[in-house]
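Here is a quick walk through a two-chain model, written for someone who likes numbers next to the picture. Have the viewer open while you read.

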Amino acid sequence: MPETVTLAVARYRPETESEPTVQTYEVPFRKDWVVLDALNYIKDRLDGSLSFRWSCRMGVCGSCGMTVNGQPRLTCAAFLSAEPPGPIRVEPLRYFPIVRDLVVDITDFVRKLKKVKPWIVREVDKPVAEGEYLQTPDQLDAYKQFSMCINCLLCYSACPIYGLEPSFIGPAAIALAQRYNGDSRDEGSAERLRILSEHDGMWQCTFVGECTKACPKHVDPAGAIQQYKLQSATHWFKTLLPWGGR
Amino acid sequence: MSAPARYTPFHPRWYRRRVSVWWWLESRSYTTFVVRELTSVFVALFALVLLWVVWSLGQGPEAYERCLARLRSPLCLAFHAAALGFVLFHSITWFNLAPKAMVVRLGGKRLPDLFVAGANYAAWVVLSGAVAAMLLRS
């Protein structure tokens with residue numbers, strides 16, 4: 001087993017550089033280390049100026065998403081030992097503007113997420129005195145998969161459509177819209193359908209399917225988008241029928 | 001962009017990478033995707049050829065004979081061979097994607113993807129068989 005491993009880390013220091021450069025670091029190779037551990041080793045022992053985001057170290061917070069050897073990954077789940085031999089390339093998530101080193105700006109996603117109303121929409125809220133909204137295990141099962149999203153944005157980074165058309169609302173936002181559409185307590189699906197049927201909505205997706213492969217929580221955003229398209233098309237055909245109201 | 005950047009603390013100068021024109025060669029799945037998209041051109045062309053055959057059938061027996069003669073030309077045969085390949089690729093990738101879009105629930109449980117894709121393949125075989133039977137009988 002090698003004693004050290006080389007990390008080729010993308011650096012971008014806007015105060016001195018006009019474009020990203022690559023800096024290499026030697027870090028100890030340990031079987032139980034993930035790329036995030038190696039980055040923290042660099043930050044603590046070798047170069048305190050390296051910037052990156054992280055928090056929970058256990059695939060829950062969704063902060064440490066980066067491009068590892070060309071693939072969008074959670075660095076807390078990317079074991080050094082699982083990477084092919086040679087330097088491990090660590091770069092910021094693709095398609096997002098780089099703020100510094102491995103930190104990207106995700107304002108665009110947050111704005112889009114808010115647009116799809118990812119919360120339970122009710123026409124009339126039930127008074128608290130009437131108790132909670134009840135749900136059976138089967139009803140929970142209908143949307144649970146989509147509720148696992150941690151907003152890590154690996155799916156955006158895997159989506160060439162988002163790279164080419166940055167106005168595309170994107171995989172996670174649509175999957176989260178579908179999460180609330182599938183919730184038996186929600187009444188906002190018509191509103192969301194209107195928002196997602198716009199030019200930058202679901203129809204921009206051409207089903208590359210990479211978002212689903214990149215998703216660390218098995219949310220299957222590609223599936224969510226296709227299901228949404230099917231529902232939208234069914235809805236449209238219904239409006240053509242004489243008894244189908246517009 | 002070679003001039004040194006002017007950095008202001010509260011308005012960081014973001015760096016945006018341009019997507020390469022060759023992005024679709026970066027990974028196998030991107031290439032498969034682009035090829036699947038391109039197959040639609042052949043599907044459309046084949047549909048146009050079929051419409052042309054139907055149209056010439058309506059123009060009378062002589063026009064139809066002329067049309068058949070043209071279809072026998074090597075160029076036309078080559079096109080049909082290529083179109084068949086692309087349409088097959090299109091159909092198979094499409095059937096494999098179908099379970100993603102169609103979630104079928106039976107008794108509260110989601111049917112495995114294999115069933116949905118299998119149903120599509122079965123319908124394909126049955127319909128192709130029916131068309132073949134019709135053609136072979138005549």
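## Two chains, side by side

Buried residues account for 20% of the 138 residues in chain B. Keep in mind that this is a predicted model. In chain A, 50% of the 246 residues count as buried.

Let's stay with chain B for a moment. Its secondary structure consists of four helices and two strands, and the order along the sequence is α-α-α-β-β-α. For 138 residues, a compact globule would have a radius of gyration near 14 Å, whereas chain B comes out at 25 Å. Chain A carries nine helices and seven strands.

The table puts some overall values for the two chains next to each other.

| Property | Chain A | Chain B |
|---|---|---|
| C-alpha span along principal axes | about 70 × 40 × 35 Å | about 80 × 50 × 25 Å |
| Exposed area | about 12200 Å² | about 10500 Å² |
| Share of exposed area from carbon and sulfur | 55% | 72% |
| Contacts at a separation of 6 or more that join residues at least 24 apart | 62% | 43% |

Charges are worth a look too. Chain B has 15 positive and 5 negative side chains, and the centres of these two sets are 15 Å apart. Chain A has 29 positive and 29 negative charges, with mean positions 1 Å apart.

## An aromatic cluster in chain A

Over all chains, the count of aromatic pairs is 15. One of them is formed by A:Phe96 and A:Tyr156, a tilted pair with 6.2 Å from centre to centre and 50° between the planes. This pair links distant parts of the chain: A:Phe96 is in the loop between strand S5 (88-91) and strand S6 (98-100), while A:Tyr156 is in helix H4 (residues 154-158), 60 residues apart. Are these two residues, A:Phe96 and A:Tyr156, buried or exposed? Both are buried. They also belong to a bigger picture, since ring pairs link A:Phe96, A:Phe109, A:Tyr156 and A:Tyr162 into a cluster.

## A loop valine and its partners

Next, go to A:Val121, in the loop between helix H2 (107-115) and helix H3 (137-144) of chain A. This residue counts as buried because its relative accessibility is 13%, and the cut-off for buried is under 20%. Which residues does A:Val121 touch, leaving out those up to four places away in sequence? They are A:Arg185, A:Asp186, A:Glu187, A:Gly188, A:Glu191 and A:Arg192. A:Asp186 is 65 residues from A:Val121 along the chain, yet their C-alpha atoms are separated by 5.4 Å.

## Two positive phi angles

Some background on backbone angles: most residues other than glycine have a negative phi. Chain A offers a couple of residues to check against that.

A:Asn69 has a positive phi near 50° and is not a glycine. It lies in the loop between strand S3 (65-68) and strand S4 (71-74) of chain A. With a relative accessible area of 18%, A:Asn69 is buried.

A:Leu153 is another non-glycine residue with a positive phi, about 70°. This leucine is in the loop between H3 and H4 of chain A. Why does A:Leu153 count as buried? Its relative accessibility is 3%, and under 20% is what buried requires.

Definitions and conventions. Residues are numbered from 1 along each chain as its sequence is written. Chains are lettered from A and ligands numbered from 1 in the order in which they are written. Side-chain values use heavy atoms; hydrogens and water are left out. The radius of gyration is taken over C-alpha atoms; the globule rule is 2.2 Å times the number of residues to the power 0.38. Buried means under 20% relative accessible area, exposed over 50%, partly exposed in between (1.4 Å probe, protein chains only). Contact means heavy atoms within 4.5 Å. Accessible areas come from the Shrake-Rupley method with a 1.4 Å probe; for residues, only the protein chains shown count as cover. Lys and Arg count as positive and Asp and Glu as negative; His and the chain ends are not counted. The place of a charge is taken as NZ of Lys, CZ of Arg, CG of Asp or CD of Glu. Rings of Phe, Tyr and Trp (its six-membered ring) pair if their centres lie within 6.5 Å; planes under 30 degrees apart count as stacked, over 60 as edge-to-face and the rest as tilted.
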